[in-house]
Amino acid sequence: MLRSLPRAAPSSAPLRVYPHRIQTNTWHPPAATCLFESRQHQKRHAGIHAISNPTLAGIEKRWEGMPPQQQADLWMALRDRMKVNWHEMTLQEKKAAYWIAFGPHGPRSLPPPDQFKKIIWYTLAGVAVSGVIFLIIRQFARPAPKTMTAQYQAMTNEYLKGQKTEPITGISSEGYTGKGMIQSKPRKGPPPDEDED
């Protein structure tokens, strides 16, 4: 039963007696608390006011050129605005919020129209430069070694047959018809000497 009764004022609060009524001291929050609560209320309801149309006009064209801080401020204002009923938002705010969230900017930006041509041309230029470098190196390189001639490789085949190398399936086996070690085109001129470097 005692729990259901309203609480009385603290015992330290004196009773004030007025001629026609009895009143207890009631607690009032200090002024700083009231100021804090009013600021919280203002922050809570700051998004209720619509963002001006000139701020949102042409946002698709201006977004990439805006400084990052201004982009963040506009997005935060739109985000706060989206916390209210969407029927209260203006059409410009809805379009701007959708475009900022899902529009083709940043990592979702569309490639430039001539990007495919540039890729093809740069690839062809790289291949052409590589070919020129290859030809220049080949022009000033030493001639192929003596082991890269068909005559020398035929002599290697004869040597391997004389040594009975790979007698089961290789060059020394019966009925072998492969090329053996020959992989180069025949060279014009006499066969190379064994002492030739």
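**Figure 1. Overview of the protein chain.** Buried residues account for 16% of the 197 residues in the protein chain. The model shown is predicted. The protein chain holds seven helices and two strands. Read from the N terminus, the order of elements is β-β-α-α-α-α-α-α-α. The two strands thus precede the seven helices in that order. About 17000 Å² of the protein chain is exposed. Carbon and sulfur atoms supply 61% of that area. Contacts were also sorted by separation along the sequence. Among those between residues at least 6 apart, 50% join residues at least 24 apart.

**Figure 2. A nonpolar patch on the surface.** The close-up shows F116, I120, W121 and L124, which form a nonpolar surface patch. Together, these four side chains' residues have about 490 Å² of accessible area. F116 belongs to helix α6, which spans residues 115-140. The relative accessible area of F116 is 63%. F116 therefore counts as exposed, since the cut-off for that class is over 50%.

**Figure 3. The aromatic pair in helix α5.** One aromatic pair is counted in the model. Its members are Y98 and F102. Their ring centres lie 5.2 Å apart, and the planes meet at 45 degrees. The pair is classed as tilted because its angle falls between the limits of 30 degrees for stacked and 60 for edge-to-face. Both residues sit in helix α5, residues 91-102. Y98 and F102 are four residues apart there, so about one helical turn separates them. Both Y98 and F102 are exposed.

**Figure 4. The surroundings of S173.** S173 lies in the segment that follows α7 (150-162). Its relative accessible area is 13%. S173 is therefore buried, as the cut-off for that class is under 20%. A polar atom of the S173 side chain lies 2.7 Å from the backbone oxygen of G170. S173 also touches residues beyond its neighbours within four places in sequence. These contacts are with E166, P167 and I168.

**Figure 5. Two sites compared by exposure.** This view pairs F116 with S173. F116, in helix α6, is exposed at 63% relative accessible area. S173, in the segment after α7, is buried at 13%. F116 takes part in the nonpolar patch with I120, W121 and L124. The side chain of S173 has a polar atom 2.7 Å from the backbone oxygen of G170.

Notes: Residues numbered from 1 in each chain as written. Predicted model: local features only at pLDDT ≥ 70, side-chain atom pairs only at ≥ 80, totals over all residues. Heavy atoms only, no water. Patch = residues over 30% accessible without salt bridge, like charges linked within 9 Å, V, L, I, M, F, W, Y side chains within 5 Å. Areas by Shrake-Rupley, 256 points an atom, 1.4 Å probe, with all protein chains shown as cover. Buried < 20%, exposed > 50% of the residue type's maximum accessible area, 1.4 Å probe, protein only. Contact = heavy atoms within 4.5 Å. Polar contact = N/O pair within 3.5 Å; in protein donor to acceptor, adjacent residues only side chain to side chain. Phe/Tyr/Trp six-rings, centres within 6.5 Å; stacked < 30°, edge-to-face > 60°.
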